[in-house]
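Let's take a friendly walk through this model together. Please have your viewer ready.

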Amino acid sequence: MALRLALPHIELYFDGSTDGLNTGKGGAAAVIYAQFRDNIRRLDQQLVASVSNTMGTVGNNCAEYYGLILGLREMLHCLALDLHILGNSEHVIKQLKGVYRVQNEVLKSYHLVAKGLLSTCADSW
């Protein structure tokens, strides 16, 4: 007979957008869910935190990064052993993974903050 323990699995969803095609008044948000599962199925899901904020005039990728940063700041309050980060910005995700270079000077500061928070929040994501 085997004992299966429910293990926490943390998911961070982030998004950001502007009211223009690429540049405009921005907004960003993130939600964090804890899922408890055994080896076979998810047992329960709970909302841990949600955060949102408006921004001045920014580019869309800045708003995306800001959504991630908001979520990672909230993650500092969680003990995450198993963190998954999900967002609809392929650009941001690939820059964080090192697939794309960060060339835009404004995005470089967002990127550095996000990478620093990532190193604090989780060993791997």
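Below come a helix pair, a nonpolar core and one glutamate.

This is a predicted model, in which local features need pLDDT of at least 70, side-chain atom pairs count only at pLDDT 80 or more, and totals for chains, interfaces and linings use all residues. Residues are numbered from 1 along each chain as its sequence is written, and side-chain values use heavy atoms, with hydrogens and water left out.

Start with helices α1 and α2, where helices (H or I, at least four residues) and strands (E, at least two) are DSSP runs numbered from the N terminus. Their axes come within 9 Å and cross at roughly 65 degrees; axes are lines fitted to C-alpha atoms, for helices over the stretch in contact, with angles from 0 to 180 degrees between N-to-C directions. Contact means heavy atoms within 4.5 Å, and the table shows who takes part.

| Helix | Range | Contact residues |
|---|---|---|
| α1 | residues 60–75 | Asn61, Glu64, Tyr65, Leu68 |
| α2 | residues 90–97 | His91, Val92, Gln95, Leu96 |

The largest nonpolar core (buried Ala, Val, Leu, Ile, Met, Phe, Trp, Tyr and Cys residues joined through side-chain atoms within 4.5 Å) has 31 residues, and Tyr65 and Leu68 are among those that touch the most other members. Helix α1 gives the most to this core, with 9 residues.

Now visit Glu11 in strand β1 (residues 7–18). With a relative accessible area of 11%, Glu11 is buried, a word that means under 20% (1.4 Å probe, protein chains only). Its side chain makes a polar contact with that of Gln35 at 3.4 Å; such a contact is a pair of N or O atoms within 3.5 Å, and within protein one must be able to donate a hydrogen and the other to accept it, while residues adjacent in sequence count only if both atoms are side-chain atoms. Glu11 and Leu83 lie 72 residues apart in sequence but 5.9 Å apart in space, C-alpha to C-alpha.

Definitions and conventions: Buried means under 20% relative accessible area, exposed over 50%, partly exposed in between (1.4 Å probe, protein chains only).
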